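Biologist: Could you zoom in on one part for me, the surroundings of the ligand? I'd like the close view to begin with, and then how that spot fits into the rest of the chain.

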Amino acid sequence: PVLRVAIMGLGGYGSRVAEAMKACTKAVLAGVISGTPSKIKNWQAKYNIPEKNCYSYENFDAIKNNPDIDAVYVITPNALHHDQVIRVAKAGKHVICEKPMALNAKEGEEMVDACKKANVKLLVGYRMHFEPKTLEVIRMRNSGEFGKIMFFQGQCGFNIGDPNQWRLNKQLAGGGSLMDIGIYAINGSRYMVGEDPIWVTAQETKTQPERFKEGVDETVQFQLGFPGGAIASCLSTYAMNHLDRFFLTGEKGFAELQPSTGYGPIKGRTHKGELTQPHSTHQTIQMEEMADIILSGKSPVVPVNGEEAVKDLKIIDAIYLAAKTGKRVTI
Ligand code: NAD
């Protein structure tokens, strides 16, 4: 069986996913949902999509009656994910949603509940969970090659451009760099350390208040404490370009990935030498694996379900609270 996917939101990342899906054997782009008729026309021509599989944001609930679509991949601005995912679930289709899955943990839990109630799967676009060098570091950690894990550093950022984009609009983005790019350090700390943090401290700095309005964080430093005693020290920013580095160390050895979460190729080494796993387009592997998860019930090495995203959203809630109050927040 092949997973027939409709993409909702034909923007930058939606286009990247569509191109990557051309190389998939288990998933196929079968439909589109967009507010821009001219984009729909272009995509129909480019990907051979029939008129009956094209929807607008107003009428996409009718996808319920379309037997030729199995899943909808939501790739719109963050603030829209919550309502769109719930509508897709109510239409009885599986959902893949981009990160951050929602603006906070409460919204995330509502999405998980809606998908459970509708008996559809909810997956989140955590493409690094399928990346070969990342998976090799996880394998080494599980087999004890780093010894007891002691410390993780996750540094994620880029210099954001256009001041008018939705990423700098609190209403649509839900926050700033932390929602968009810092989430890679949060999620990464969990799959690299192999535990979920139990406390958070955080500090926010804003060097360009004219560029980053109230509620849109420019730079956030945060620290996470893990039950086994490991500590993570992370940086999320919209003011430093090409910041993309993970460092994990234990009593016996280390792993370093740089770049660690960009579109790749990911590069890295451990105390044993270079990581040599070959690069493939992240979005292609992700969609192949997600087809197996949805259609065959396959379990990925690192989960990519809604519950997994809620864990990250709880940490995001805690980081914003810790930065605001200056206090250590327990999760
Ligand atoms: P984008 O601005 O390029 O595209 C967003 C699309 O949503 C556009 O086509 C826009 O027309 C549409 N849209 C629908 N309703 C809108 C509204 N009310 N306001 C503004 N736009 C609206 O953004 P993007 O980079 O494609 O990001 C989309 C989502 O994908 C975000 O949640 C982002 O975090 C995520 N993303 C994930 C990755 C990844 O590597 N996993 C990479 C980039 C983006």
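How do the residues of the shell around the ligand divide into nonpolar, polar and charged?

Modeller: Seven are nonpolar, eight polar and four charged. In that split, Ala, Val, Leu, Ile, Met, Phe, Trp, Tyr, Cys and Pro go down as nonpolar, Asp, Glu, Lys and Arg as charged, and the others, Gly among them, as polar. A quick caveat: this is a predicted model, where local features need pLDDT of at least 70 and side-chain atom pairs count only at pLDDT 80 or more, while totals for chains, interfaces and linings use all residues. Numbering starts from 1 along each chain as its sequence is written.

The shell holds 19 residues, with G9, G11, G12, Y13 and E98 the closest; a residue is in if its C-beta atom, placed from the backbone, lies within 6 Å of the molecule. Helix 1 (residues 12–21) contributes the most, three residues. Helices (H or I, at least four residues) and strands (E, at least two) are DSSP runs, numbered from the N terminus.

Now zoom out. The chain splits into domain 1 (3–127) and domain 2 (128–278 + 305–330), with bounds from an automatic or database domain assignment. Both give residues to the shell, so the ligand lies between them. Their C-alpha centres are 26 Å apart, and 20 residues from domain 1 meet 22 residues from domain 2, a contact being two C-beta atoms, placed from the backbone, within 7 Å. On the domain 1 side, helix 4 (105–117) and strand 6 (122–124) each supply at least two residues, and helix 4 has the largest share, six. That side comes out as 14 nonpolar, three polar and three charged residues.

UniProt's unreviewed entry puts "domain: Gfo/Idh/MocA-like oxidoreductase N-terminal" at residues 3–126; its positions follow the numbering used here, feature names are shortened, and annotations may be inferred rather than shown by experiment. Over that stretch the chain is 35% helix and 21% strand.

Further along the chain there's an open, mixed sheet of nine strands, ordered 14-13-12-11-7-10-9-8-15, where pairing takes at least two DSSP bridges. Strand 14 (273–274) and strand 15 (329–330) sit at the edges with a single partner strand each, so one side of each has no neighbour in the sheet. Inside it, strand 8 (residues 199–205) and strand 9 (residues 219–225) pair antiparallel over seven bridges, with T205 opposite T219.
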